[in-house]
Amino acid sequence: MANSVALGLYITICCVAFIMSKIIVSFLLYKRWARKRRIIEDTFTDGKVVMFRSPTSRSLTSKAFMKKTMKLSNKDIIGSGGYGTVYRLRIDETTAFAVKRLNKGNTDRDRGFERELDAMSDIKHRNIVTLHGYYIGAQFNLLIYELMPNGGLDALLHGNIPLSWSLRCKIAVGAARGLSYLHHDCIPHIIHRDIKPSNILLDQNMEARVSDFGLATLMEPDQSQVTTIVAGTFGYLAPEYFDTGRAATKGDVYSFGVVLLELLTGKRPTDESFIEEGKKLVTWVKEVIEEKREEHAIDRSLVSVPVEKVRKMFAIAGNCLESDPSRRPTMAAVLKMLEQINQTNL
Ligand SMILES: Nc1ncnc2c1ncn2[C@@H]1O[C@H](COP(=O)(O)OP(=O)(O)OP(=O)(O)O)[C@@H](O)[C@H]1O
Ligand SMILES: [Mg+2]
């Protein structure tokens, strides 16, 4: 009798110990997994730094990062936009980041900002700028991006050195691939809402990288409208956006069409040749295509490009710029069409 009680006790203890060990191991594995994703998560008196795991950020400590960040000055500014100022942050000879400083909003929005950024840390694509981490502070927030050595398409396209046709095609394909990934392949799908040349950056191989994705979805609808207009992106917004105020992937397709037109003509959508006599961009493109005037509308530095290629590219831009969103192609379809033109460039 005493033996069977002892045996029962022994079995119970073994079972409890077994279950406990499983719980402890699971807990430790979870902690290791959580740590793996965020290599640095440090709270300072006035804020918190989170860096995602990547080869660039592996050797970085949060203190070193914050120390360098606090020393940023006007001479480090790369540019500024509707939401904040972008700085070049050099850590050492081989490591540098682009840091975007955003002014603080309300607490709810900042929490949403943090959640959304965690989701973005999973996005790794060759045509999308990598987000390495962020800082949430009392006075301001920071977004820590990969530094793009060749800057934005806006500066490049409207700079002194003309871009070749093949480079313009390569940039169009790259940007379309990045956007198509955001729309169709990543979960949850992302609507960019602010596609324009300054948000298409160029890496060391002149490969296009879409940046600032998803940020607009974090903004309050009324605020995002105000900010976009102030930032001067008026010419890139789809017409239905003004009626409904709602964002959809086809709105990004329209904005991409404007970028294509800018690549073709070398002119910004606010250029007077588009708006003369109160013409809308869509009307202008349709007229150019119908009257087969593409070779006169093209950027002067591209006059030697075979007219057939120019016409095909204009036709794609025209498709993207349809006033009825349901008649516009998806980004996946746009990518396919652009890749076909690009293949004939080789
Ligand atoms: N990761 C980066 N590497 C290099 N340059 C960058 C990077 N991110 C932004 N820039 C450049 O910094 C400038 C300012 O960018 P920012 O995104 O703040 O403004 P914007 O794109 O002009 O307008 P918006 O605020 O509407 O996006 C742009 O010229 C942009 O091309
Ligand atoms: Mg931008």
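Okay, let's start with the parts list: this protein has 14 helices and nine strands. Keep in mind that what we're looking at is a predicted model. Of its 346 residues, 34% count as buried. And if you take contacts between residues at least 6 apart in sequence, 63% of them join residues at least 24 apart.

Let's go to the ligand. So who sits around ligand 1? There are 25 residues in that shell, and the closest are Gly79, Gly81, Ala98, Met148 and Gly152. If you sort the shell by class, you get ten nonpolar, eleven polar and four charged residues. Domain 1, residues 48–146, and domain 2, residues 153–342, each put in at least three residues.

Now, which strands supply at least two residues of the shell each? That would be E3 at 77–80, E4 at 84–90, E5 at 96–103 and E7 at 140–146. Of the contributors, E3 gives the most, with three residues.

Stay with E3 for a second. E3 and E4 make a hairpin, with three residues between the two strands. Their pairing is antiparallel and runs over three bridges. If you want a spot to click on, Ile77 stands opposite Tyr87 in E4.

Next one over is E7, another of the strands that supply the shell. E7 has pairing with E5, antiparallel, over seven bridges. There, Asn103 stands opposite Phe140 of E7. E7 also pairs with E6, residues 131–137, again in the antiparallel sense, this time over five bridges. In that pairing Tyr135 has Leu142 of E7 as its bridge partner, and a hairpin of two residues joins E6 to E7. Is E7 buried or exposed? Five of its seven residues are buried, so the strand is largely enclosed by the rest of the structure.

Okay, on to the helices. H5 runs from 165 to 185. With 21 residues at 1.5 Å a residue, H5 should span 30 Å, and its end C-alpha atoms are 29 Å apart, which agrees. H5 is also mostly covered, with 17 of its 21 residues buried.

H9 gets the same check. H9 is residues 249–265, so 17 residues, and at 1.5 Å each the expected span is 24 Å; the end C-alpha atoms come out 25 Å apart, which agrees. What about burial in H9? Here 16 of the 17 residues are buried, so H9 is largely enclosed by the rest of the structure. A quick reminder while we're on helices: an α-helix has 3.6 residues a turn, so residues three or four places apart point the same way.

Right after H9 comes Gly266, with a positive phi near 75 degrees. Gly266 also has a partner from elsewhere in the chain: His158 is 108 residues away in sequence, but the C-alpha atoms are 7.1 Å apart in space. Where's His158? You'll find His158 in the loop between H4, which is 153–157, and H5. His158 counts as exposed, because there are 12 C-beta neighbours inside 10 Å, and 12 or fewer is the cut-off.

Two more residues for the backbone-angle fans, neither of them a glycine. Arg193 has a positive phi, near 75 degrees, and sits in the loop between H5 and strand E8, 200–202. With 24 other C-beta atoms within 10 Å, Arg193 is buried. Then there's Met206, whose phi is positive too, about 60 degrees. Met206 is in the loop between E8 and E9, the strand at 208–210. Met206 has 14 other C-beta atoms within 10 Å, so we call it partly exposed.

Last stop, Val288, which lies in helix H11, residues 281–290. Val288 has 22 C-beta neighbours inside 10 Å; the bar for buried is 20 or more, so Val288 counts as buried. What does Val288 touch, once you set aside neighbours within four places in sequence? Its contacts are Arg293, Glu294, Ala297 and Phe314. And Ala315, 27 residues along the chain from Val288, has its C-alpha 10.0 Å from that of Val288.

That's my tour, so over to you.

Conventions: Residues are numbered from 1 along each chain as its sequence is written. Chains are lettered from A and ligands numbered from 1 in the order in which they are written. This is a predicted model: local features need pLDDT of at least 70, side-chain atom pairs count only at pLDDT 80 or more; totals for chains, interfaces and linings use all residues. A residue is near a molecule or strand if its C-beta atom, placed from the backbone, lies within 6 Å of it. Helices (H or I, at least four residues) and strands (E, at least two) are DSSP runs, numbered from the N terminus. Ala, Val, Leu, Ile, Met, Phe, Trp, Tyr, Cys and Pro count as nonpolar, Asp, Glu, Lys and Arg as charged, and the others, Gly among them, as polar. Domain bounds come from an automatic or database domain assignment. Two strands pair if DSSP finds at least two bridges between them. Two residues are in contact if their C-beta atoms, placed from the backbone, lie within 7 Å. The expected span of a helix is 1.5 Å times one less than its number of residues.
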